[in-house]
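Colleague: Please take a close look at the largest pocket and what surrounds it. Set the scene with the whole chain first.

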Amino acid sequence: MAEPRIEKSLFLKAPRERIWEFLTDSACLGRWFHPSDRPLDTPGPYRLVKSTEEPDACVCWGEVIEAEAPSRLVYTFTHKWLGEHLTRVEWTLSEVASGTLVKLVHDGFEGAPVDVFEQLCGHDAGWDEHFVKLRVQVIEPAMAG
């Protein structure tokens, strides 16, 4: 059986530096995912919160493992629906044509104390929803400028 993992990619008509900001800056993260309690551009623990108005309402948490601006970000990731089992999220940003190829790998689900297939399905759909929001946030403000 193949390793339980999610792999996604999308092309964004924006420079890697702009996308990096949306992956690591707390306020930018909040525009398409969840705000963080700190920038995710250096190793160390982080918490993603429900909103800036509710900074104590932690939604997800983990630890930034690698942050190589503006090309690679790796962190552990969990929440209560994973039974607090740590998974791994890796972002890779590559320059292509007049934009960026964004690749996401979310793995480490094996061994979780939950139905792994259900978690894969739920996270796969969740990343799709968040990618739509990321695309709108990264591209539209840049096009208006």
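**The largest pocket and its histidines**

Modeller: Of the chain's 145 residues, 46% count as buried (under 20% relative accessible area; exposed is over 50%, partly exposed in between; 1.4 Å probe, protein chains only). The model is predicted, so local features need pLDDT of at least 70 and side-chain atom pairs 80 or more, while totals for chains, interfaces and linings use all residues. Numbering runs from 1 along each chain as its sequence is written, and side-chain values use heavy atoms, with hydrogens and water left out.

The chain has 3 helices and 6 strands (DSSP runs numbered from the N terminus: H or I of at least four residues, E of at least two). Their order along the sequence is β-α-α-β-β-β-β-β-α. The C-alpha trace spans about 45 × 40 × 25 Å along its principal axes. The radius of gyration is 15 Å, which agrees with the value near 15 Å for a compact globule of 145 residues (C-alpha atoms; 2.2 Å times the number of residues to the power 0.38). Take contacts between residues at least 6 apart in sequence: 48% join residues at least 24 apart (a contact is heavy atoms within 4.5 Å).

Now the pocket. The largest one holds about 250 Å³ of space. Its lining has 14 residues, and F33, F77, H79, H123 and H130 sit closest to the centre. A pocket here is an open set of points on a 1 Å grid over the protein atoms alone, where a 1.4 Å probe fits, with protein on both sides within 12 Å along at least five of seven lines; lining residues have an atom within 4 Å of a point. Points join across faces, edges and corners, and the volume is the space filled by probe spheres set on them.

Helix α3 (116-144) and strand β3 (54-68) each give the lining at least two residues. The largest share is from α3, with 7 residues. By type, the lining holds 6 nonpolar, 7 polar and 1 charged (Asp, Glu, Lys and Arg are charged; Ala, Val, Leu, Ile, Met, Phe, Trp, Tyr, Cys and Pro nonpolar; the others, Gly among them, polar).

Start with H79. This residue sits in the loop between β4 (72-77) and β5 (87-96). At 7% relative accessible area, H79 is buried. Leaving out residues up to four places away in sequence, H79 touches V59, C60, W61, E84, Q119 and H123. The H79 side chain also reaches the backbone nitrogen of W81 at 3.2 Å.

E84, one of those partners, lies in the loop between β4 and β5 too. E84 is exposed, at 53%. Its phi is positive, about 60°, although E84 is not a glycine.

H123 links on to H106. H106 lies in strand β6 (99-107) and is buried at 0%. Its partners, again without residues up to four places away, are R5, I6, F77, T87, R88, V89, H123 and W127. F77 and H123 are also among the residues closest to the pocket centre. The side chains of H106 and W127 make a polar contact at 2.9 Å (N or O atoms within 3.5 Å; within protein, one able to donate a hydrogen and the other to accept it, with sequence neighbours counted only if both atoms are side-chain atoms).
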